[in-house]
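Welcome! Here are some exercises with worked solutions. Please look over the model and try each task before reading its solution.

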Amino acid sequence: MYVQIILQIRYLVILKVLFSYILKEMGILNTQQLVQWISNLIRHHNIKAFYNSALWEHVRLEVLEEQHYECQMCKSKGMYSPAEAVHHIKFLRQHPELALTKSNLICLCKECHYEVHHKAENKPQLNEERW
């Protein structure tokens, strides 16, 4: 049991060092610089660069592992679906400061992720139906 705890602590230390290294290699030293980088990507319509970054991939994998690769929306309904996406609860474009905040990330299956982004909203009727 103690060996497992020690291995987990070493794993977390290694992850922290790796995460710091990735940030340093990307030239990002603090949250303000991260927000500036993401805002700049959004401004230049290149947000895909964020999602392709080692930084995002690292956090994404951590969240998937923490949430056991399960869709959290399906789980809340008593069902099971494997998660394929890690979704920003508060959208990245509106809240770049929460880009890597785990409490703002949730694992979703393909169907639930589509549902979140394409909510069927009641649109006002443009004209009066007469039949």
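**Exercise 1.** Which salt bridge does Lys75 make, and is Lys75 buried or partly exposed?

*Solution.* Step one: the side chains of Lys75 and Glu70 meet in a salt bridge, 3.2 Å from N to O. The term stands for a side-chain nitrogen of Lys or Arg within 4 Å of a carboxyl oxygen of Asp or Glu. Step two: Lys75 has a relative accessible area of 44%, so Lys75 is partly exposed. The classes are buried (under 20% relative accessible area), exposed (over 50%) and partly exposed in between, with a 1.4 Å probe and protein chains only.

A word on the source: this is a predicted model, where local features need pLDDT of at least 70 and side-chain atom pairs count only at pLDDT 80 or more, while totals for chains, interfaces and linings use all residues. Residues are numbered from 1 along each chain as its sequence is written, and side-chain values use heavy atoms, leaving out hydrogens and water.

**Exercise 2.** Find out which residues are joined into one network by salt bridges that share partners.

*Solution.* Step one: a search of the whole structure gives 3 salt bridges. Step two: in one of them, Lys102 pairs with Glu62, with the closest N and O atoms 2.6 Å apart. Lys102 sits in the loop between β1 (85-88) and β2 (105-108) and Glu62 in helix α4, so this pair ties together parts 40 residues apart in sequence. Helices (H or I, at least four residues) and strands (E, at least two) are DSSP runs, numbered from the N terminus. Step three: Lys102 also meets Glu66 in a salt bridge, at 2.8 Å from N to O. Here too distant parts of the chain are linked, with Glu66 in helix α4 and Lys102 in the loop between β1 and β2, 36 residues apart. Step four: check the accessibility. Glu62 is buried at 16%, Lys102 is partly exposed at 32%, and Glu66 is partly exposed at 46%. Result: Glu62, Glu66 and Lys102 form one network through shared partners.

**Exercise 3.** Where on helix α2 do its buried residues lie?

*Solution.* Step one: α2 covers residues 31-43, which is 13 residues, and reaches 18 Å from its first C-alpha to its last, close to the 18 Å expected at 1.5 Å a residue. That expected span is 1.5 Å times one less than the number of residues. Step two: the buried residues of α2 are Leu34, Ile38, Leu41 and Ile42. They lie on the same side of α2, because they cover an arc of only 100° around the axis. The arc is taken from the directions from the helix axis to the C-beta atoms. An α-helix has 3.6 residues a turn, so residues three or four places apart point the same way. Step three: look at the other side of α2, where Gln32 and Arg43 are exposed. Step four: the cover over the buried residues of α2 includes α3 (48-51) and α4 (54-66), in contact through heavy atoms within 4.5 Å.

**Exercise 4.** Describe how Phe50 and Tyr51 pair.

*Solution.* Step one: the structure holds 4 aromatic pairs. Rings of Phe, Tyr and Trp (its six-membered ring) pair if their centres lie within 6.5 Å; planes under 30 degrees apart count as stacked, over 60 as edge-to-face and the rest as tilted. Step two: Phe50 and Tyr51 are edge-to-face, at 5.2 Å centre to centre and 70° between the planes. Step three: Phe50 is buried at 0%, whereas Tyr51 is partly exposed at 30%. Step four: Trp37, Phe50, Tyr51 and Trp56 make up one aromatic cluster.
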